[in-house]
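User: I am in my first year and would like a careful, close look at a single part of this protein, the enclosed space inside it, followed by what lies around it.

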Amino acid sequence: MSDSGRMVLALGGAGTVGSGVVRALLDKGFKVAVISRDNNRLEKLRSFVSPNTKDNLTTIVGNVGSEEGAEEAKAALLKAVGKVTDIVSSLGFSWWQGGPPHTQTLKDLHCVIDTLLFSTFVSWKVFFPLVRDDPNGTYTFITGAAGEKLLMPGTGFLTIGAASTLAFCQVLREEYPQLPCKLNQLKIDAGVSTPERLAPGYLNHLELGEAVAALVERRGASHTVFSVSGPADLKTMTLEKRTP
């Protein structure tokens, strides 16, 4: 299947990480669909992608954070595009620094877990069946390495939420050891930013997008965790040969 015949659902595609992925996929010739609760963010995304690829971008206003909302979004998605061949999930990839645990409330913890884990679980449960039985299909999770360490004081709940997402991805690899589609995870041990806000230790979201697009394009590995801690790792991923 040529890239022009592949439709990628980019969950979280209107965010910083996701927008880089969406632009790279479109530039490679993929068709891309993005769902977001915020139409303004979708409009901003449409103005961000390359002008000659806009016709290949489908945007849908919807909420993938609840089961009911995700089912409604899936129905709207399938009506608009017909079929999905690949999924990239960068949901919950966000910063949190609310303070040490003893200063937080249970509501604060619920909010973090909802952002980092629940939306990832709900969207996987609803959309995974669209690609599960397709040997040419892919489902790629983009996660952060914050779940493996405390990044700095006051980010404890971020660590807890990110760790739960890492554990969820591990569960999927081990609960579903044999799948027709390719199930992979890209774990980022660095900050991600747009070029104009780039700082030491951060990855350019455009370069990250190119690496993710290359991974989706190849469809080579499955049940693999790709770790990225710097630009060199992204370059290696981008330049690896494509599997026929």
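How much space lies in the largest cavity?

Analyst: About 30 Å³ of space lies in the largest cavity, a volume being the space filled by probe spheres set on grid points that are joined across faces, edges and corners. A cavity here is a set of points on a 1 Å grid over the protein atoms alone where a 1.4 Å probe fits but cannot get out, and its lining residues have an atom within 4 Å of a point. This is a predicted model, in which local features need pLDDT of at least 70 and side-chain atom pairs count only at pLDDT 80 or more, while totals for chains, interfaces and linings use all residues. Residues are numbered from 1 along each chain as its sequence is written, and side-chain values use heavy atoms, with hydrogens and water left out.

The structure holds one cavity of 30 Å³ or more. Around the largest cavity stand Thr138, Thr140, Lys182, Asn184, Leu215, Val216, Arg219, Gly220 and Ala221. Two or more of these lining residues come from each of β5 (138-144), β6 and α6, where helices (H or I, at least four residues) and strands (E, at least two) are DSSP runs numbered from the N terminus. The lining divides into three nonpolar, four polar and two charged residues; Ala, Val, Leu, Ile, Met, Phe, Trp, Tyr, Cys and Pro count as nonpolar, Asp, Glu, Lys and Arg as charged, and the others, Gly among them, as polar.

One of the lining residues, Arg219, deserves a second look. Arg219 sits in the loop between α6 (205-218) and β9 (224-228), and its relative accessible area of 14% makes it buried (buried means under 20%, exposed over 50%, partly exposed in between, with a 1.4 Å probe and protein chains only). Its phi is near 55°, a positive value in a residue other than glycine. Most residues other than glycine have a negative phi. His223, in the loop between α6 and β9 as well, likewise has a positive phi, near 55°, but His223 is partly exposed at 22%.

Both α6 and β6 also take part in the largest nonpolar core, to which β1 (7-11), α1 (16-27), β2 (31-36), α2 (39-48), β6 (182-188), α6, β9 and α7 (231-239) each supply at least two residues. That core has 32 residues, and those with the most contacts inside it are Val22, Val32, Val34 and Leu186; a core is a set of buried Ala, Val, Leu, Ile, Met, Phe, Trp, Tyr and Cys residues joined through side-chain atoms within 4.5 Å. A second, separate core of 29 residues includes Val126, Val131, Tyr139 and Leu172.

Near the ends of β5 and β6 in sequence there is also a charged pair to follow on the model. Lys149 forms a salt bridge with Asp189, with the closest N and O atoms 3.0 Å apart, the rule being a side-chain nitrogen of Lys or Arg within 4 Å of a carboxyl oxygen of Asp or Glu. Lys149 lies in the loop between β5 and α5 (156-175) and Asp189 in the loop between β6 and β7 (191-193), so the pair ties together parts that are 40 residues apart in sequence. Lys149, at 38% relative accessibility, is partly exposed, and Asp189 is partly exposed at 34%. The count by this rule comes to seven salt bridges, among them that of Arg6 and Asp86 (2.8 Å, N to O), where Arg6 and Asp86 are each buried at 0%.

Definitions and conventions
On a 1 Å grid over the protein atoms alone, a cavity is a set of points where a 1.4 Å probe fits but cannot get out, and a pocket is an open set with protein on both sides within 12 Å along at least five of seven lines; lining residues have an atom within 4 Å of a point.
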